[in-house]
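Reader: Could you go through this one with me? I'd like to start with the metal site and then move on to whatever else is bound.

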Amino acid sequence: MSNCLEDIKTKKLHPQIGLEISGVELSQEIPDEVFSYILDAFNKYAVVLFRNQPLNDKQQITFSRLFGELEPTSIMKAATNQFIYQISNIDGYGKVLPADSKKRALLEVNTNWHIDSSYKSPPALASILSARQIPIFESSYTEFCALIPAYEDLSDNEKQTLRGLICIHDYNYSLNKKNATGVPQNEKDTLQPCEQPLVHKHSDNGETSLYLSSHISSIKGMPVNKGRKIVDDLMKTCINPEHIYRHEWQQDDLIIWDNRCVMHRSTGVPYKEVRRAHRTTIRCKMPLVAV
Ligand code: OGA
Ligand code: MN
């Protein structure tokens, strides 16, 4: 099949976030007009799902590069390529990790609401996750929270208070919260905390969005506890079903999400069955712009 615009069909996933696109094969060449369609959907719906996309790493990288420059991975690196994160509950022999494994603790970090690479500057524009092996009996969901509508729902007073605040994002803070000790010190040393605005202007659709993530360790210029309380309270307000799409994975699903205006989390890591997904990450061209 060659990809053409006329074959595309779409279905909304949730009133506030997410679009499923069908009629495209991502392993094949994507003509410019088809990619423009996908890019527009990504900028408008923030989460884009494609079902039945059996990709290898090379094909995933080729598709991902259409969105921009890829971010190399440092942690949980897949053997095949530095641009592929392997997110899996298996060891090097393909066996499911024991309950007390260090790598499992690292995966647990993803069960906190977060934005990928929010602790880097410039941060990640998008993540693309390809479901290579999905459990049949155990559940494995990823939840996505729409941060543009979450900002819109705040009172004028709250918006005013939050605009202009600068947060410190620190991956080591997240690792410590989950007692995740599996990351070598030399890798940790490369991950210095960085600053991001709490409210920013989306670089493509121009909307105002929160930039909220469990990686926030403090708010600049504020006592640590005061800053954390603001972040915790805001987190509670945002994680309301009105803003959340919960995705139940099927084998060969591929999801692209916009890290500028979506936070996400995994609902847990299966204990018996293999779950393996490969992620590519696209970097923002520029730092976020505060509003
Ligand atoms: C990620 C992530 C959640 C999941 O890939 O960045 O947080 O459910 N994944 O695997
Ligand atoms: Mn993530």
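Author: A definition first: a donor here is an N, O or S atom within 2.8 Å of the metal, and because water is not among the atoms, a site may look incomplete. Please also keep in mind that this is a predicted model.

Reader: Fine, so which residues are the protein donors of the manganese ion, ligand 2?

Author: The manganese ion (ligand 2) has His-114 and His-264, each through NE2, and Asp-116, through OD, as its protein donors, at 2.1 to 2.2 Å.

Reader: And what spacing do those donors follow along the chain?

Author: The spacing is H-x1-D-x147-H. Distant parts of the chain are thus linked, with Asp-116 in the loop between helix 3 (102-108) and strand 5 (124-133), and His-264 in strand 14, 148 residues apart.

Reader: What else is there in that loop between helix 3 and strand 5?

Author: Both Ser-117 and Pro-122 lie in that loop. The peptide bond joining Ser-121 and Pro-122 is cis, with omega at about -5°, while Ser-117, although not a glycine, has a positive phi, near 55°.

Reader: Switching to ligand 1: where does it sit?

Author: Ligand 1 sits in the largest cavity. The residues around ligand 1 include Ile-87, Asn-110, Leu-129, Tyr-141, Trp-257, Ser-266 and Arg-279, and the manganese donors His-114, Asp-116 and His-264 are also among them.

Reader: Which strands each supply at least two residues of that shell, and how does the shell divide by class?

Author: Those strands are strand 6 (141-146) and strand 14 (262-266). By class, the shell around ligand 1 comprises four nonpolar, five polar and three charged residues.

Reader: Which polar side-chain atoms lie by the oxygen atoms of ligand 1, and at what distances?

Author: For Thr-142, a polar side-chain atom is 2.7 Å from an oxygen atom of ligand 1. For Arg-275, an N or O atom of the side chain lies 2.9 Å from an oxygen atom of the ligand, and for His-264, which is also a donor of the manganese ion, the corresponding distance is 3.1 Å.

Reader: How much of the accessible area of ligand 1 does the protein cover?

Author: On its own, ligand 1 has 290 Å² of accessible area, and the protein covers 99% of that.

Technical notes:
Residues numbered from 1 in each chain as written. Chains lettered and ligands numbered in written order. Predicted model: local features only at pLDDT ≥ 70, side-chain atom pairs only at ≥ 80, totals over all residues. Heavy atoms only, no water. Near = heavy atom within 4 Å. Polar contact = N/O pair within 3.5 Å; in protein donor to acceptor, adjacent residues only side chain to side chain. Areas by Shrake-Rupley, 256 points an atom, 1.4 Å probe, with all protein chains shown as cover. 1 Å grid on protein atoms, 1.4 Å probe; cavity = no way out; pocket = protein on both sides within 12 Å on 5 of 7 lines; lining within 4 Å. Sits in = over half its atoms within 2 Å of the grid points. Helix = DSSP H or I, 4+ residues; strand = E, 2+ residues; numbered from the N terminus. Nonpolar A, V, L, I, M, F, W, Y, C, P; charged D, E, K, R; others polar. Donors = N, O, S within 2.8 Å, 3.2 Å for Na, K, Ca; no water.
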